[in-house]
Amino acid sequence: MARLSFFILAVIIDLPRGVRDESEGREAQNEFLAAFDQDAQGTENPYYTEKQGWEDEANQIVKELISVHMDMRQNFRPVNNWGEVAGLSMHMMIATRMLENLKTATHVADIGSGTGALLAVFAELVPKSAVLEGLEYMTEVADAARQKMEEASLLFKKNGNDTAETVAKKISQTGIAGGENGDLFNFNLKGERDGEFDVINVGFAMSENQIPGALWKALAVNGKLGMPICDGASSASSSVTKCPCHYHIFTKNSEEAEFPGTKLEGSEHMRIENDIHFMVVRPPLKFTERVECPGGYSGCDQFSEQVPLPKDGARFVEKVLSSSWTNQATTKQGSDTDWIHMKSWQEEIEVSSWGLTVVYVLDCEEGDTVMTWTFTGLGDLQSMGTRRISQHKGKQGDCIG
């Protein structure tokens, strides 16, 4: 069963569309930059300095890179707000964990790349021929990132790193996509980039169930996908803009491999144990759909309101509420001739980012008959526990047989 259908530290990157605001006042921007400059020496700022407790997450190779030192970090400082940048320790951890792939990479993508600081780190670790791409939805930030990357190429040249200079120059010219072209949910939509990337990093948090399947498909064999994933139900509400999460790394061991999910431990999945908080990005509403609830079904309206499903998931829920589906239930307790007996039927949706499973129970008693649909699945649905839809039919002798 395919489990997907869709498609740093306390400092966050790339805000969700609902809270991204490119028209932020110039006065507020100037105040922010003034405050930022006050910390230019980086004594407490996690963008410049290593976070306590993360010292062992970066190896010596990464710690000695030009791109993690003060002058380069200053070059990539944000345009408007902290949502555009990530913590130094987070960047070094990602580079360390992805190092073996980066050494031989042909294609690398940083989605939600902000001002480009992590791309600069990658530029020092990949071959000169590698193609690095940054996707950044905020056009103003993407425009600034191109300029910053050009300046980074000069800093690399000044420090004698010819490979990083070349790679950074290429990024500044053709490697930053902004606006709709820099939107995660437009990435590899038609499968045109399947199997291409050796490393993909996502710079914002998502619920597991909302990770676009196109990301996984874009990985080459042995490619790695790294991203923060919300720990649980805290990201379920659309009013939540930041979630507690962990950084997860997924490895595609074969061309046919399915997305392993966060529950699997082993060569296909690794969770970094350091606690982090990130801004949450959710799919646009066009990718989700609410269940159309028939009348008289308790819990259905609440389910529909609280759990916006991918379209195939919504169709699945509507299917299992139909009599043609529930008629397939078979007796599990008692017998068809008893006044008290139970029928049950279970099915799992074949293609859904929720991995939806439903168990239907028809509980027949002389005094009352109750039909219950119990849903479980991946991501937020799992973390929120089971969801039930029920219908009381009163005395219904014809449910026997």
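1. Let me start with a charged pair: the side chains of glutamate 196 and arginine 193 meet in a salt bridge, with N and O 2.6 Å apart. This is a predicted model, so please take that distance, like the others below, as a value computed from predicted coordinates. Glutamate 196 counts as partly exposed, its relative accessible area being 22%. The pair belongs to a network of salt bridges that links Glu133, Arg193 and Glu196. For background, side chains of opposite charge can pair when their charged atoms come close.

2. How many salt bridges are there by this rule? The count comes to ten. One of interest to you may be that between arginine 97 and glutamate 57, whose side chains meet at 3.1 Å, N to O. Arginine 97 sits in helix 4 (residues 88-97) and glutamate 57 in the loop between helix 1 (26-38) and helix 2 (60-63), so this pair ties together parts that are 40 residues apart in sequence. The two partners fall into separate accessibility classes: arginine 97 is partly exposed at 34% relative accessibility, whereas glutamate 57 is buried at 15%.

3. Another salt bridge joins lysine 128 and aspartate 162, and here the closest N and O atoms are 2.3 Å apart. Which parts of the chain does this pair tie together? Lysine 128 lies in the loop between helix 6 and strand 2, and aspartate 162 lies in helix 8 (residues 162-175), so the bridge connects parts 34 residues apart in sequence. Lysine 128 is partly exposed, with 39% relative accessibility. Aspartate 162 is partly exposed as well, with a relative accessible area of 42%.

4. Now to the strands. Strand 1 (residues 107-111) pairs with strand 2 in the parallel sense, over five bridges. Within that pairing, aspartate 110 stands opposite glycine 134 of strand 2. Add helix 6 (residues 117-123) and you have a right-handed β-α-β unit made of strand 1, helix 6 and strand 2. The loop that carries lysine 128 lies between helix 6 and strand 2.

5. Strand 2 also has a partner in strand 3 (residues 176-178): these two pair in the parallel sense over three bridges. Leucine 135 stands opposite alanine 177 of strand 3. Is strand 2 mostly covered or mostly open? Strand 2, residues 131-136, is mostly covered, with five of its six residues buried.

6. Two asparagines deserve a look at their backbone angles. As a reminder, most residues other than glycine have a negative phi. Asparagine 188, by contrast, has a positive phi near 55°. Asparagine 188 is found in the loop between strand 3 and strand 4 (197-202), and with a relative accessible area of 3% it is buried. Asparagine 222 also has a positive phi, near 70°. The place of asparagine 222 is in strand 5 (residues 219-230), where it is partly exposed at a relative accessible area of 45%.

7. There is also a long-range approach along the chain to check in your viewer. Glycine 53 and asparagine 274 are 221 residues apart along the chain, while their C-alpha atoms are separated by 8.3 Å. Glycine 53 lies in the loop between helix 1 and helix 2, the loop that also holds glutamate 57. Is glycine 53 buried or exposed? With a relative accessible area of 52%, glycine 53 is exposed.

8. Some whole-protein numbers may help you set up your own analysis. The protein has 13 helices and 15 strands. Of its 401 residues, 54% count as buried. The accessible surface comes to about 17,200 Å², and 47% of that belongs to carbon and sulfur atoms.

9. Finally, a word on confidence. The protein averages a pLDDT of 82, and 79% of the residues score at least 70. Over residues 32-43 the pLDDT is below 50, and this stretch has 24 contacts in the model beyond near neighbours in sequence. Residues 1-26 also stay under 50 in pLDDT, and for them the model has 119 contacts beyond four places in sequence. Where pLDDT is low, the predicted coordinates should not be read in detail. I would therefore take the contacts of these stretches with that caution in mind.

How values were computed
Residues numbered from 1 in each chain as written. Predicted model: local features only at pLDDT ≥ 70, side-chain atom pairs only at ≥ 80, totals over all residues. Heavy atoms only, no water. Buried < 20%, exposed > 50% of the residue type's maximum accessible area, 1.4 Å probe, protein only. Helix = DSSP H or I, 4+ residues; strand = E, 2+ residues; numbered from the N terminus. Pairing = 2+ DSSP bridges. Right-handed = clockwise from strand over helix to strand, strands pointing away. Areas by Shrake-Rupley, 256 points an atom, 1.4 Å probe, with all protein chains shown as cover. pLDDT = per-residue confidence, 0-100. Contact = heavy atoms within 4.5 Å. Salt bridge = Lys/Arg side-chain N within 4 Å of Asp/Glu carboxyl O.
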